[in-house]
Amino acid sequence: MRQLGMRRASLSASLKLGDQRGCGRTLQEEEVHIPFAQQSLVKQWSSMQNMTDRKQEKSKAPLQRSKFLLNINVGGKLFQIAYSVVARYPVTRLGKLARYTDPTKKLQLCDDYSVQKNEYFFDRDPSIFHYIFHFYRSGVLWIMDEMCPSNFVEEIEYWGIHLKYSQRCCRILFEEKQDELSEYLKIQKELEAELEPLDSAKQFEGKFLGRFREMIWNLIENPYSSVTAKIIAVMSSIFVLISIVGMTLSTVEEMKHKTGKAWMEQLEMICAIFFTSEYLMRLISSSSFKNFLRAAFNAVDLVAILPFYIQILFESLDEGDMLYHEELHKMENVGKLGKVLKLIKLMRIFRILKLARHSTGLRAFGFTMRQCYQQVCCLFLFIAMGVFTFSALMHSVEHDVPGTNFTSIPYAWWWAAVSLSTVGYGDTVPDTVLGRMVAFGCISFGIILNGMPISILYNKFSDYYAKLKAHEDKISHSLKLSRRLRLKERVLRKLSECCRDDPRHQH
């Protein structure tokens, strides 16, 4: 009968009869062939022997291997690896630990050291260290999809292992996932900053009139701080709408007579006074004048009130010369100064952007445009390419037709732009068969072009809107909760004061 050979140290070891190749290794050879797994989970196979022999064998094995194995405790899990294997990578943390002979330098590399067990302790994630352990054994760093990229990068940087040791396919997928996570965190941070005010209540501590400025800041910038602040925010939106309606009605022919014009001027003056006071209150309550001027919403507020004062300035320049003043009014539609005044009055339309200060939807739309500016620029580039291409084709096939409107390529630009947008006014149409074929191609290209960005922009807009709304609701809920707590504290304080003042409770 053949003798049983030694079982191979492997997780999938097989029993072979009579084949003892590779089994009679020396101690130095055995240290290199530790299997890919934790050493504590791999046990040598042994036949049925008496218990004393097994106890002696267990007691001797650690003593024999203690000189050649590095005992590592990572987060409570024990790993054993040969010094010679770890020393192959001298720049890594474990490689330095195996090469250093100075105990002080070794203690600087680990979190703790057990003298009795000759064990180095690391307070790190043991689940990720399995892949680090496999890297030392095989020379390849494996990456699993379910791992957090930021956590994995932090761990391998701690152990001093570079990502280049991983397979190229795994590295590409991991870097893509890492970029997606970085982009997501960046957008999340920008979304939170979108709703965060320019200043905070803490920045007024220790400053000139800090308490007064903080009170004004809460009224203007924090509509959830009190009922008065909410009323001011609603009034701001109402005045914006009134101003836009008044500007619209001022262009109606029936409102251009003397009485209607006077009513419109008074309405414009009231709106301008409110917007000016609102802007000055924001300026007073700002902790930094430079940051105040850089803010986009404050620039919109300034543009909303400037037309009123510029108009007053222009009208008062020639107040001394009444003849010239009357002549200026007669030539207002054709004179240069009249055109400037019309342009300045038109700037009042930007007041509608003030609604974005209190509208989550408008903020989400602006944030979507900022995040998708590359896609939007590509869309405009494709539109310009389509307009130039199809206008040139249409001019080449229609310019010989008598009475055609496509006399030049610039004249065909309007037709190409209208056709690409699939509006089709019908003011300019081709007459030849080739021209209609070019028009069909232009319309088809426009349909494809218009369908490309809709899904991208809409999905991102809905996502950003939901996140902004959730963050806004969270802030309002926390403020309401803090107000309730403060109200409860005030009520309890008043009750305690009343109980102290009551003479019946003094006896």
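These are my notebook entries on a predicted model, taken in the order in which I looked things up.

**Entry 1, overall make-up**

I began with the whole protein, in which I found 19 helices and 4 strands. Of its 507 residues, 32% are buried. I then turned to contacts with a separation of 6 or more, and noted that residues 24 or more positions apart account for 64% of them.

**Entry 2, the sheet**

Next I looked up how the strands are arranged, and found an open sheet of 4 strands in the order S2-S1-S4-S3, with mixed pairing. Strand S2 (77-82) and strand S3 (112-114) are at the edges and have a single partner strand each, so one side of each lacks a neighbour in the sheet. On average, and with direction ignored, neighbouring strands of this sheet are turned by 25 degrees against each other.

I followed S1 and S2 in detail: they run antiparallel and are joined by 6 bridges, and Val 74 stands opposite Lys 77 in S2. The hairpin of these two strands has 2 residues between them, and Gly 75 there takes a positive phi near 60 degrees.

On the other side of the order, S3 and strand S4 (residues 119-122) also run antiparallel, with 3 bridges between them; here I noted Glu 119 in S4 as the bridge partner of Ser 114. Helix H6 (residues 126-138) lies across strand S1 (69-74) and S2, and its direction is at about 10 degrees to that of S2.

**Entry 3, two buried residues**

I asked myself what surrounds Val 74, which is placed in strand S1. Val 74 has a relative accessible area of 0%, which is below the 20% limit, and therefore counts as buried. Leaving out residues up to four places away in sequence, Val 74 touches Phe 79, Phe 122, Arg 124, Asp 125, Pro 126, Phe 129 and Trp 159. I also checked Val 74 against Phe 121: the two are 47 residues apart in sequence, while their C-alpha atoms are 6.0 Å apart in space.

I then did the same for Leu 94, which lies in helix H4 and is buried with a relative accessible area of 1%. Its contacts, with neighbours within four places in sequence set aside, are Leu 70, Ile 72, Val 86, Phe 122, Phe 129, Tyr 136 and Trp 159. Between Leu 94 and Leu 70 I noted 24 residues in sequence and 9.0 Å in space, C-alpha to C-alpha.

**Entry 4, aromatic rings and charges**

I counted ring pairs and arrived at 21 aromatic pairs. One of them is formed by Tyr 89 and Phe 135, whose centres are 4.7 Å apart and whose planes make 40 degrees, a tilted arrangement. Tyr 89 belongs to the loop between helix H3 (83-86) and helix H4 (93-99), and Phe 135 to helix H6, so that the pair links distant parts of the chain, 46 residues apart. Tyr 89 is buried at a relative accessible area of 16%, and Phe 135 is buried at 0%.

Which residues do ring pairs link into a cluster? I listed Phe 79, Phe 122, Phe 129, Phe 133, Tyr 158 and Trp 159. For charges over rings, I noted that Arg 93 lies over the face of Tyr 158, 3.9 Å from the ring centre, and that the charged end of Lys 164 sits over the ring of Tyr 165, at 5.7 Å from its centre.

**Entry 5, a helix pair**

I looked up the packing of helix H10 (residues 227-249) against helix H11 (residues 258-284), and found an angle of about 150 degrees with the axes 10 Å apart. Their crossing is left-handed. The residues making the contact include Met 235, Phe 239, Val 240 and Ile 242 of H10, and Met 264, Leu 267, Ile 270 and Phe 274 of H11.

**Entry 6, positive phi outside glycine**

Why did I look for these residues? Because most residues other than glycine have a negative phi. Asn 118, which is not a glycine, has a positive phi of about 55 degrees; Asn 118 is found in the loop between S3 and S4 and counts as partly exposed at 23% relative accessibility. Thr 422 likewise has a positive phi, near 60 degrees. Thr 422 is placed in the loop between helix H18 (409-420) and helix H19 (433-501), and is partly exposed, with a relative accessible area of 42%.

How values were computed
Residues numbered from 1 in each chain as written. Predicted model: local features only at pLDDT ≥ 70, side-chain atom pairs only at ≥ 80, totals over all residues. Heavy atoms only, no water. Pairing = 2+ DSSP bridges. Axes fitted to C-alpha atoms, helices over the stretch in contact; angles between N-to-C directions. Contact = heavy atoms within 4.5 Å. Phe/Tyr/Trp six-rings, centres within 6.5 Å; stacked < 30°, edge-to-face > 60°. Buried < 20%, exposed > 50% of the residue type's maximum accessible area, 1.4 Å probe, protein only. Lys NZ or Arg CZ within 6 Å of the ring centre and 35° of its normal. Left-handed = near helix turned anticlockwise from the far one by under 90°.
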